[in-house]
Structure formats: C-alpha cells, structure tokens
Amino acid sequence: MPTVVERLVAPFAVDRRVLALAGARMADGIGNSFLIIVIPLYVTSGVVGGTAFGLGESLLIGVILSLFGFLNSSFQPFTGRLSDRLGRRKPFILVGLAGLAMTNVAYVFAETYLSLLVIRGLQGVSVAFIIPPSVALVNELATTGDRGGNMGVYNTFRLVGFGAGPAVAGAVVSRGPYALPGGLAVSGFDAAFYVATITATISYVMVTVLVSDPESTAANAGANLSIPILDRSGSNLLDPIFTLGIASFFMATAIALFATIQPQVNARLEQGATWFGLQFAGFIIAQVALQTPIGRACDRYGRRPFIVTGMALLIPTTLVQGFLLSSALMFVARLCQGVAAAMVFAPSLALAGDLAGEGESGSKLSVLTMAFGYGIAIGPLSSGALVRFGFEVPFVFGTALAALGTILVYTQVEETLETTVPVPVIGDD
C-alpha cells in the first residue's frame, strides 16, 4: 500500500525537467505577482514623482500594470518562433529570468513615473522570453499519453506562485522598514523588490542546474512556423489552434473583468477588502486544485469534452456575477468560474501540443499563451469602461464572449486522441 507521501507525490510524477521548470515558474510567479500589489502602493506612496502625463493616479496605475501584459503578449509570437528556428528553449528562458531579476532590483532606484513605465515594460518583454519556450519545452518532454497531465502540473505550480505572492506582498510592505546590521535599514517597498529579485534568481539557478533541452528540439529546428487562420487540412472553416487562441482570449477577458472594479463590487455587496480578496482568490484556488487532475483526465477521456464543457460553464458563472447580492455567493461564482477555466486551459494546451509538429511547439503554443495574455490585459480595461453603464454590463459582455467561444470550440475543434475512454456519467454502474 502506498504511503501518504507517495500518494501526495503521485499526481506530480512527471519528467524531472518538467517538475523543475514548474518549480522555477512558481518561484518567479511569486515575485512577479508581488508587484501587482506593490506597484499601486508604490505609485500612491509619494516615493516616486515627476510627470504623470496628465493621468490620475488610478489611470496611471492601470497603464503601468497593463503595459506589462500588452508587451508580454505582443512579443510572445516572436520569442516562440525564434526559439523554434534556433531549436533552443533553455537559453531563452534564462534570458527572460535574468531580465526579470534585473528589472525587479531596478525598482529600488526608480524615482519617477516614467522609470516605472520603462521598468514594467522591460519586464513584460522579459517574461515573453520565458512563457512560449517554457510551454514548448513541457510539450516536447511529454507524449500524447501524458501531455495533459504535464501541462496540468506545470500550470498548477505556476498558479501556486502567482496566488502566493499577493497574499504576503502587502505584509512585507507594511512591516517595513527592516533593520540591518550596521545601522542600515531597508524600506518595506525595497524589501518587496528584493524578494521579487531573489525569487527570479532562484528560478534562474533551478533552470540552469535542472533543466535541459531534449535532443529532438535542436534536430527539428527551422520547421514550418506559419500560423494558419483557416483550416487547411480538415473540413472546418478555422484552424483548430487559431480557434483555441480566440477561445482563450475570450475566456481570459471574461475572468479578468472582476479585477479592477473592486470599489463597485464592495459597494454593491456591502463588503470589505477581505471578502474581495477571498473572491479574487476563489478563482485561483479552483485552478490550483483542478489543473493537474483535469490535465490527467483529458489524457484518458479526450481533450475536446473538457474544453467544450469548460467554455459552456464559463457562460453562467460569468453572467451570475453581475446580479448577485451576496458576498458568499460571489465567492462561489468565482470558484465555479475557476473550475470552468481549469477545464479549458490545460486540455487546450495539450490539444494544441498534439497538433504541433516537430519543432513547432514554440510557435503554435504561443498562439494560446499570447491570446490569454491579451485577454488578461483587455478584461480589466473593459470592465473599467463598461461598469459606468451598470454593474451588470461588464459581466453581460463577458458572457457574450464566453458564448461565442463555446460555439467556436464546439464547431471548429475536433478531438486529437485516437483512443479515449467514455467520460463516466454519474449514476452509471
């Protein structure tokens, strides 16, 4: 009989390089998500000054945070394609992590709003060097029979890091300054930036020591790297990877609507920041809990059933958020929305990985990661613009996107696994 430790470790029994890469992404995710909390506090602290380009503090914060997402997503197709052409993954990941570490420490010396914009923009470009090669490497280290599970493990660790950062970032800032030997002191903000730098450095060391490119990556460098829009080989109108990219964009936009309307949510539900934090975290909790088991399940039952069901579940879980009047029910809605996203993300990456030819993983999978990044950037801007027309309007908008994404996936994406087990129905013997 397996021990408790063996049962806990079993779900993460993947190639050690995948596990190491997942751990590295968890570490840099902690530091990167730190900044989501710290940068707004830093902008409003009075520490930085200079021209604000005529923007108010709230809008300036939004521009700084959104710039990361837009540049990150915009550069991903280029880094993914270049890593395919050169047949190398690890060097790109290391360049990105080094850039992330250097830009994290650069915040300590930032004294103007312009410098914050430049640093955050460079961080977006740095992370663009990390994401497509990382996902491509996971894809290449996996097989058709375990690709979903590998993607699930990778995303689980990444999300643990992303969720853990904001939970402690505020405490690190508020408890400063920190006394050092020799009568020196470090402010709470500088301490947070140093923590982010340390986590990126840990990731760099982990990738350097524990991760290597498979020989097949270099052997297949320079393959056909075009990204078709129309389906060239099947009977559908749209290429399935392009379709999954559109669905990922719609999904990310819908789930990110919640992020920037905290004042309106709290006022409507008559709640404080603690409840909002729990509701925001509910989505991540579901993702962390379900990414790996759903990834493994889609290796057995097929990719398409999970993707279609997840997109369909995204429709009611997004719509209901615009009409709820209970803090607890909002938490449940966010949790269920996380379940929907978990059913889409890992199976989509696995399906795209199945379709990507040798040496094409960076280019093909970057379509999904780029689309998701754009959605995460567009969602908050959309909700900020639409909420003035009524609290429910942003969520109705997100629901319409989810419905369109469901139709596209159902009609344009076919199963890639040749043999699957029928999904069990509750009540069957």
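**Exercise 1.** In this predicted model, decide whether Glu-270 is buried or exposed.

*Solution.* Start with the relative accessible area of Glu-270, which is 74%. Exposed means over 50%, so Glu-270 is exposed. Next, place the residue: Glu-270 sits in the loop between helix H11 (262–269) and helix H12 (273–301). Finally, look at the backbone: Glu-270 is not a glycine, yet its phi is positive, at about 55°.

**Exercise 2.** Find which residues make the nonpolar surface patch of about 370 Å², then classify Leu-122 by its accessibility.

*Solution.* The patch is made by Phe-53, Leu-114, Val-118 and Leu-122. Of these, take Leu-122, which belongs to helix H5 (residues 113–128). Its relative accessibility is 46%. The partly exposed class runs between the 20% and 50% limits, so Leu-122 counts as partly exposed.

**Exercise 3.** Work out where Pro-228 lies and what separation its C-alpha atom has from that of Asp-239.

*Solution.* Pro-228 is in the loop between helix H9 (215–219) and helix H10 (240–256). With 11% relative accessibility, under the 20% cut-off, Pro-228 counts as buried. Along the chain, Pro-228 and Asp-239 are 11 residues apart, while their C-alpha atoms are separated by 6.3 Å.

**Exercise 4.** Describe the second largest pocket by its volume and its lining.

*Solution.* First, the volume is about 360 Å³. Of the 20 lining residues, the closest to the pocket centre are Asp-231, Ser-233, Asp-239, Pro-240 and Leu-355. Asp-239 thus returns from the previous exercise. Last, sort the lining by type: 5 residues are nonpolar, 8 polar and 7 charged.

Key. Residues numbered from 1 in each chain as written. Predicted model: local features only at pLDDT ≥ 70, side-chain atom pairs only at ≥ 80, totals over all residues. Heavy atoms only, no water. 1 Å grid on protein atoms, 1.4 Å probe; cavity = no way out; pocket = protein on both sides within 12 Å on 5 of 7 lines; lining within 4 Å. Points joined across faces, edges and corners; volume = space filled by probe spheres on them. Nonpolar A, V, L, I, M, F, W, Y, C, P; charged D, E, K, R; others polar. Patch = residues over 30% accessible without salt bridge, like charges linked within 9 Å, V, L, I, M, F, W, Y side chains within 5 Å. Areas by Shrake-Rupley, 256 points an atom, 1.4 Å probe, with all protein chains shown as cover. Salt bridge = Lys/Arg side-chain N within 4 Å of Asp/Glu carboxyl O. Helix = DSSP H or I, 4+ residues; strand = E, 2+ residues; numbered from the N terminus. Buried < 20%, exposed > 50% of the residue type's maximum accessible area, 1.4 Å probe, protein only.
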